[in-house]
Amino acid sequence: TVECDFNELGLTSEAKEMIDTVTWNTGSNGDISAKDINISTFYNLERSNHTGKICSSGQYCNDSVERSTIWHGSVGLMYPSDYGYATSGGTNTNRESCLSTSLYHWNSEDLNNCKENDWLFRSEVNQWAYMPCASDYSMSAFYIGGDGFIGTYHVGDSRAIFPSIYLKSNVRILNGNGSINSPFELSL
C-alpha cells in the first residue's frame with residue numbers, strides 16, 4: 001500500500017465541497033449465478049439484503065468480517081448496473097437487447113455493440129465494481145473485464161479502480177456538454 005496525499009495534486013477545496021456523503025448499497029447476488037444477471041437484476045441485487053457471504057466452512061470462508069448491505073461515504077466505485085445502463089447499443093444490437101442480456105456475455109462477438117457503445121467501458125482495463133459476489137469464496141467481488149463482460153474474482157487481485165461520487169444537489173453546470181472536448185464546468 002502507498003499513502004496518497006492529494007493536497008497538492010488532487011481536488012481543490014471547492015471541488016471537495018461539491019461531493020456529497022451518501023448511502024452506498026452493498027447488496028450481493030445471493031444464490032443467483034453471475035452468468036444469469038442482466039442489468040435490471042443487478043440494479044435490484046445491489047439494493048438487496050444479501051451480504052455476499054454464503055459459504056460457511058473451508059479455508060476461504062474463515063474470516064470474521066461483519067458484512068452490511070449499506071455503507072455511508074463520499075467516494076465509491078461504479079455499480080455493475082451503472083456500467084450496463086451506460087450503453088446506447090448500436091446497429092447490430094439495440095439498447096433494449098443489451099439491457100436484457102446478461103452482462104457476463106457482453107464480451108461475445110454478437111454483443112460487441114453493447115460494450116463498444118458504453119461510455120464507461122475501458123478496453124483492456126479490468127476494473128473493480130462496487131458489489132460483493134456471493135460464492136464459495138467469502139472474498140469475491142464483481143469486476144468489469146477489459147473485454148466488456150462482468151466477472152468475479154477475489155478482492156486480493158489487482159484491478160483498476162475508477163472512483164465514483166455523488167454531487168450535492170446544489171451543484172450547477174456552468175459550461176460544457178460533458179464531452180472530452182467540452183467537459184462540464186461545475187459550481188456551487
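## Strand E5 and its side chains

Ser140, Phe142 and Ile144 point one way from strand E5, Ala141 and Tyr143 point the other way, and all of them are buried. Keep in mind that what you're looking at is a predicted model. The pattern in E5 fits a simple rule: in a regular strand, side chains alternate between the two faces of the sheet. E5 covers residues 140–144, and it is mostly covered, with five of its five residues buried.

## The sheet around E5

So where does E5 sit? Three strands make up an open sheet, in the order E4-E5-E6, and their pairing is antiparallel. Strand E4 (127–132) and strand E6 (150–154) are at the edges with a single partner strand each, so one side of each has no neighbour in the sheet. Going from one strand to the next, the twist averages 40 degrees. As for what holds such an arrangement together, strands of a sheet pair through backbone hydrogen bonds, either parallel or antiparallel.

How many bridges join E5 to E6? There are five, and the two strands run antiparallel. You can pick out some of the partners by eye: Tyr143 has Gly151 in E6 as its bridge partner, and Ala141 is matched with Tyr153, also in E6. Follow the chain between these two strands and you find a hairpin with five residues between them. In its turn, Gly148 has a positive phi of about 105 degrees.

Over on the E4 side, three bridges join E4 to E5, again with the strands running antiparallel. Here Gln127 stands opposite Ile144 in E5. Ile144 is among the buried residues of E5, and it points the way Ser140 and Phe142 do.

## Aromatic pairs

A search of the whole structure turns up 11 aromatic pairs. One of them is Trp24 with Tyr166, an edge-to-face pair with 5.1 Å from centre to centre and 70 degrees between the planes. Trp24 is in strand E1 (residues 22–25) and Tyr166 is in the loop between strand E7 (163–164) and strand E8 (172–175), so this pair ties together parts that are 142 residues apart in sequence. Are the two partners buried or exposed? Trp24 is buried, with a relative accessible area of 1%, while Tyr166 counts as partly exposed at 38% relative accessibility.

Another pair is Tyr79 with Tyr130, and this one is tilted: 5.8 Å centre to centre, with 45 degrees between the planes. It also links distant parts of the chain, as Tyr79 is in the loop between strand E3 (76–77) and helix H3 (80–85), and Tyr130 is in strand E4, 51 residues apart. Tyr79 and Tyr130 are both buried. Look a bit wider and you'll see that Trp24, Trp71, Tyr79, Tyr130 and Tyr166 form one aromatic cluster.

## Back to strand E1

Trp24 isn't the end of the story for E1. Val22 has its place in strand E1 too. At 17% relative accessibility, Val22 counts as buried, because the cut-off for buried is under 20%. Val22 and Ser74 are 52 residues apart along the chain, and their C-alpha atoms are separated by 6.3 Å.

## Two pockets

Now for the empty space. Rolling a probe the size of a water molecule over the atoms shows where empty space is left. The largest pocket holds about 600 Å³ of space. Which residues are closest to its centre? Of the 16 that line this pocket, they are Trp119, Leu120, Pro163, Ser164 and Ile165. The lining of the largest pocket divides into 12 nonpolar residues, two polar and two charged.

The second largest pocket has a volume of about 370 Å³. It is lined by 22 residues, and the closest to its centre are Met131, Pro132, Ser140, Ala141 and Val155. Strand E2 (70–73), E4 and E5 are the elements that give two or more residues to this lining. Which element gives the most? That's E4, with five residues. By type, the lining of the second largest pocket has 13 nonpolar residues, six polar and three charged.

Notes: Residues are numbered from 1 along each chain as its sequence is written. This is a predicted model: local features need pLDDT of at least 70, side-chain atom pairs count only at pLDDT 80 or more; totals for chains, interfaces and linings use all residues. Side-chain values use heavy atoms; hydrogens and water are left out. Two strands pair if DSSP finds at least two bridges between them. Helices (H or I, at least four residues) and strands (E, at least two) are DSSP runs, numbered from the N terminus. Axes are lines fitted to C-alpha atoms, for helices over the stretch in contact, and angles run from 0 to 180 degrees between N-to-C directions. On a 1 Å grid over the protein atoms alone, a cavity is a set of points where a 1.4 Å probe fits but cannot get out, and a pocket is an open set with protein on both sides within 12 Å along at least five of seven lines; lining residues have an atom within 4 Å of a point. Grid points are joined across faces, edges and corners, and a volume is the space filled by probe spheres set on the points. Ala, Val, Leu, Ile, Met, Phe, Trp, Tyr, Cys and Pro count as nonpolar, Asp, Glu, Lys and Arg as charged, and the others, Gly among them, as polar. Rings of Phe, Tyr and Trp (its six-membered ring) pair if their centres lie within 6.5 Å; planes under 30 degrees apart count as stacked, over 60 as edge-to-face and the rest as tilted. Buried means under 20% relative accessible area, exposed over 50%, partly exposed in between (1.4 Å probe, protein chains only).
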